[in-house]
Amino acid sequence: MIFDFDTMYVVLLALLLSAAVWTVMTSHLLKSAIGLAVTSVVLTLILFLLKASLAGVFELSVCAGLITVVFISAISLTKPVAEAEAREMKMKRLKRFIFLPILLLIAGWLLRNRMIHLTHPVQAAADAATTVQQALWSGRRFDLVGQILIILAGIFGIIVLFKTKDCVDDKEKKQ
Amino acid sequence: MPVLLVLVPLAAVLILNLPLHRIMCRFAFWIGVILCLVQALLVIQLPNAVWNGPCQVAIRLLRVTPAVDNLSLVMFLSIAIVTFVTLLVARYTISDCGKLFNFTNLVILAMAGMNGLVMANDLFSLYVFLEVAAVASFILIAFDREKDAFEGTFKYIVMSAVATAMILSAIGLMMTVTGSMSFNVLSSVMKTDGGNPVILLSAALLLGGLFIKSGLIPFHGWLPDAYSAAPSATSVLLAGIVTKTTGVYALIRVVTMMHLHSHTMQTLILVVATLSIVIAAFAALGQSDFKRMLAYSSISQVGYIILGLGVGTPLALAGAAFHLFNHAIFKTLLFVNAATVEKQSGTRNMDTLGGVSDKMPVTGFTSVIAFLSTAGIPPLSGFWSKLIIIVAAWKAGFHWYAFIAILASLLTLAYFLSMQRRVFFGKLASGLEDLKEGNPWVLIPACMLAAITIGLGLCIPWLFGSFLLPIRSIL
């Protein structure tokens with residue numbers, strides 16, 4: 001069997017889709033977090049194959065690594081629901097995805113019939129930004145100001161929602 | 001010049017958080033107030049050439065050419081006024097110095113985000129600054145760490161995440177096809193290749209995302225909870241300007257810059273606008289929570305702005321921009337009054353209130369001004385902006401939409417009369433004998449906003465030529 005690049009893309013895209021669907025459909029939080037990590041790892045492989053190595057590094061370190069750790073830490077703080085309740089929730093969840101196969105079929109049909117034309121996809125991206133550094137510092141410097149503002153807002157979020165809460169808890173304990 | 005409206009608030013937050021925290025804690029509020037006043041004065045005083053001219057500092061330092069036109073100036077002024085009022089209400093409702101410090105910092109960050117969004121000249125910058133305002137808003141809603149507030153924040157975050165996914169997907173698709181995110185490039189691509197299915201899909205995703213951010217029906221699930229559960233000062237900011245900038249202004253900018261005026265897009269916008277006007281007005285009629293009723297009223301009024309956008313003629317867009325500014329003013333006033341009534345009486349339930357005007361005459365009077373303007377009663381500002389939108393819709397041949405908009409105005413009058421009767425008029429409710437008027441921190445902005453509402457209404461002959469007609473240049 002000849003395993004060329006096109007076949008590899010198809011296999012990886014199928015894996016990506018399967019992992020993403022599993023992430024969304026599973027009712028088990030931990031499995032869902034792991035599914036998300038697997039999705040990110042497969043996406044990283046695709047990005048490396050597309051020669052977008054910096055994007056791949058970010059995807060692997062932040063999405064597959066950091067975010068998974070944050071999710072698992074948060075899940076470890078939760079309690080499991082009762083078995084009967086879990087079964088009921090699972091049925092409700094499955095009903096929400098009843099249209100998923102239809103959407104997949106429509107997307108497949110559109111692609112098969114070339115209804116969606118991606119004119120110059122990879123080349124445009126490669127031409128637009130030779131490196132991430134250049135893209136950020138030369139092209140998107142104004143957006144970096146926005147990023148700084150978001151980080152500052154996040155810091156205030158932690159201060160407002162967590163730090164002062166500890167003070168209130170301490171006061172309550174003293175009382 | 002315009003980039004300073006982002007850089008100066010950012011610098012202010014950084015300076016406020018230097019190690020001299022205890023000293024800065026006292027000054028934070030005043031620095032926030034000064035920033036707002038300076039922004040308002042600059043918009044009023046500086047000629048258009050200063051705003052529109054090339055700024056070497058911005059080009060060299062940030063490699064950006066801000067897109068500032070007449071509509072942007074209207075937005076900068078609205079942001080300055082509403083943020084100023086928000087800070088005064090925060091001073092009235094938040095007694096703890098540390099909490100006020102954190103609140104002020106978050107409000108300044110939200111202000112910087114909104115200013116950045118208004119001057120964005122490409123789709124990705126618009127998205128980045130939209131998220132700045134959104135993240136600051138999430139925290140401001142949950143600021144008091146109450147259960148309802150967390151619920152409201154959670155709904156807002158979930159719906160915002162959906163909107164974000166849609167907007168980012170649209171940006172990705174646009175980038176794939178056009179290779180650029182600049183409004184100028186997208187504008188020319190839309191003119192030549194508007195029928196491309198990928199571009200149509202991305203335009204639909206973009207509109208969907210911004211409909212959610214605007215809280216329009218049927219994408220409004222988060223809005224009543226977020227507005228009513230948030231602390232009073234946050235409600236003022238959210239209803240007054242945040243939703244308008246991150247949703248409505250972004251929508252106007254995207255639709256006009258990208259020429260989304262095809263028959264399908266126009267029908268979609270007009271239907272969503274009309275549904276919002278009518279359904280939200282009916283929903284407002286059935287509310288007993290003061291702030292929740294105002295939240296539904298906001299959805300209905302935003303529907304009028306979107307109706308003007310959907311009609312798409314220069315006159316309709318001028319009317320939409322005028323109604324956007326008017327709504328920022330009178331809805332802020334109504335939320336300031338709601339904050340005062342809640343703080344003084346301890347409740348927002350309109351069924352337990354009554355006769356409040358006897359004890360709080362200034363709040364009662366300014367509330368009447370705001371509700372008459374919202375309902376479109378002449379000669380207040382709301383009458384003129386609604387009239388312009390309806391006349392423009394009629395002239396463009398959208399007779400049914402104009403007719404529905406007129407009928408919905410009667411509904412607006414009905415739910416506001418009901419609110420006024422239940423809260424401010426009639427016999428004083430039991431338990432409110434010791435009720436007192438709010439202090440100057442809320443009375444001054446209430447009087448100021450009422451004066452703007454009356455003044456704009458009376459100055460319409462002058463405003464029409466100098467303020468409204470130049471807005472058509474955005475087309």
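**Salt bridges and a cavity in chain B**

B:E151, B:K155, B:D225 and B:R292 are joined in a network of salt bridges, each such bridge being a side-chain nitrogen of Lys or Arg within 4 Å of a carboxyl oxygen of Asp or Glu. The model is predicted, with local features needing pLDDT of at least 70 and side-chain atom pairs counting only at pLDDT 80 or more, while totals for chains, interfaces and linings use all residues. Residues are numbered from 1 along each chain as its sequence is written, chains are lettered from A in the order in which they are written, and side-chain values use heavy atoms, leaving out hydrogens and water.

Within the network, B:D225 and B:R292 have their closest N and O atoms 2.9 Å apart. This pair links distant parts of the chain, with B:D225 in helix 11 and B:R292 in helix 14 of chain B, 67 residues apart; helices here are DSSP runs (H or I, at least four residues) numbered from the N terminus. B:D225 counts as buried at 14% relative accessibility, whereas B:R292 is partly exposed at 23%, where buried means under 20% relative accessible area, exposed over 50%, and partly exposed in between (1.4 Å probe, protein chains only).

Another salt bridge joins B:D351 to B:R422, at 3.0 Å between the closest N and O atoms. B:D351 lies in the loop between helix 15 (314–345) and helix 16 (356–359), and B:R422 in helix 19 (residues 399–423) of chain B; B:D351 is exposed at 52%, but B:R422 is buried at 17%. Over all chains, a search of the whole structure finds 9 salt bridges.

Methods:
Helices (H or I, at least four residues) and strands (E, at least two) are DSSP runs, numbered from the N terminus.
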